[in-house]
Amino acid sequence: MTTHLLPPAPPVERPRVLLVATSFAAAASFMLFVAALGVYLLARTEVIATGSAWLPQGVVIPLPQPNTIFMTLLLSVVTIQWAVNAIAHNDRQNAFLAFGLTLAMGAASIVMTTYLWTLMKLDVAGGVQGVLIYTITAGHMIMLIVAMVFVALMALRALGGQFDSRQHDGVTAAAIYWHTMVFVYALIWIIIYVTK
Amino acid sequence: MLTTRMFTPAFKFFAGLCVFAVVAGVAVGITSGEGALVDRVLGPISLGWKGGVGNHFAYTFFVGLAAASGFLAGILIAFRDADPAAQAQVVHTESAPVVPAPVGVNYLPALTALATVFFLIGLATGTRWMTISAIAVAVCIAFVWTLRTWAEHATGDAGANIGLYHRFIDPLRVPVISIVTVAIIAIGLSRVLLTVSKTASVWIFGLVALLFFLVCVLLALKPQVSKVLTTVLVILAAIAIIAAGIAAALAGEREIEHHSSEGAAAVASSAPSIGVGA
């Protein structure tokens, strides 16, 4: 049996790996929701083309709760960017405040989304409407939870002193994913809640 | 001396993908839309604000793809992917280290093209098994190609890189190729045997087995036979079996007698066919 004596690979430092990888992950997540929303739009068009209403009888999707969630997430875009800016200026106190506010707004959005589900009274087994709406909104909640875990991890790393004004890629990466999550919600807000 | 390029390779790819998706989105919106031409043009251009967008799924998909690829193009140009100056900066040298070019022949692009063709044929003819098989082959190619690309740049020694690649791929390649080969022979030859007459099927089975045995004996006796010749023989045999299988499937199966368990009169009927078409 031939054995190969492998010379040690040269140490490679790739620039901004986490940031670029997060961008790809964000783009993949975005495409997942775009495809799901495309299916939703197609199904809705087909149902409306038959002369029927899209939502089943008795189902009402209220708008105040989606509006509140959307506004909360828009505010969180500001706070997460505030965290990035604070870290970039070595302002750790403001960074932690911004991280905390961002996570609190994310948690508030989760609570409001579950409340919205109870208000809709939409049966998941009642037809294609329930399946699609719950798939997309629950999928977004999962994306929100992933973004919150990402932000929390980066906040802990910042707490450990791993990020400063010279190197804060992790925080920027978390912010990119957070922005993508909010952008996806903007699409959901328009397509599912506003133009219903 | 390596010089910095204004537009990096990955940026070009994703920017091109973005432009393609925009054009494709508008095109699919116009061609699948209904109504006057002006409405069919205005709708896709205005993201549905001033008219319909035709097929909603296709239009949404292409617009989303354009947004995602545009975003990635922006990120990658901002961080100067594969830029010699940026790479030299991170490894603390004056110029980027020279990367050895890959050695050996790579059949994977040709296989990818073949899988794509079969995928499109499967979609066009509604042949589900062909579409699924093409996707499975494409997934395998993606895995092997990724592994090969990694191995080609694992060390600075090309020979060691090849050894590394084979150390990973051979334990996977041998059983997979064996299963595929057995499947091709079994499915292709069985179609032929079910089509021709009973006597001819016995002759064909015997002759094919004999031919297979003789070729294996010759290859074993002449180990110095070039690898290319062996590869060509295997490919020709595979094509012959697949072509014969397809032709036999199109011709249909012969009438096969089924005997009842109680010894009643034989009932002539067509044997249940294995789905070859849709």
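Reader: Leaving aside its neighbours within four places in sequence, which residues is Val151(A) in contact with?
Author: This is a predicted model, in which local features need pLDDT of at least 70 and side-chain atom pairs count only at pLDDT 80 or more, while totals for chains, interfaces and linings use all residues. Residues are numbered from 1 along each chain as its sequence is written, and chains are lettered from A and ligands numbered from 1 in the order in which they are written. Two residues are in contact if their C-beta atoms, placed from the backbone, lie within 7 Å. By that rule, and with the neighbours within four places set aside, the partners of Val151(A) are Ile80(A), Phe99(A), Thr102(A), Leu103(A), Ala174(A) and Trp178(A).

Reader: Which element gives the most residues to the largest nonpolar core?
Author: A nonpolar core is a set of buried Ala, Val, Leu, Ile, Met, Phe, Trp, Tyr and Cys residues joined through C-beta atoms within 7 Å, and in the largest one, with 66 residues, Ala83(A) and Val151(A) touch the most other members. The elements that give two or more residues to this core are α1 (17–49), α2 (64–88), α3 (92–120), α4 (128–159) and α5 (169–194) of chain A, together with α1 (9–32) and α3 (56–78) of chain B. With 14 residues, the element that gives the most to this core is α5(A).

Reader: How many helices and how many strands are there in chain A?
Author: Helices (H or I, at least four residues) and strands (E, at least two) are DSSP runs, numbered from the N terminus. Along its sequence chain A reads α-α-α-α-α, and its count is five helices and zero strands.

Reader: Are α7(B) and α9(B) roughly parallel or oblique to each other?
Author: Helix α7 (residues 158–195) and helix α9 (residues 227–251) of chain B have axes 8 Å apart and pack at an angle of about 40°. Angles under 35 degrees count as roughly parallel, over 145 as roughly antiparallel, 65 to 115 as roughly perpendicular and the rest as oblique. Therefore α7(B) is, relative to α9(B), oblique.

Reader: Is Asn90(A) buried or exposed?
Author: Asn90(A), found in the loop between α2 and α3 of chain A, has a positive phi of about 55° although it is not a glycine. A residue is buried if 20 or more other C-beta atoms, placed from the backbone, lie within 10 Å of its own, exposed if 12 or fewer, and partly exposed in between. Because 12 other C-beta atoms lie within 10 Å, Asn90(A) is exposed.

Note on methods
Axes are lines fitted to C-alpha atoms, for helices over the stretch in contact, and angles run from 0 to 180 degrees between N-to-C directions.
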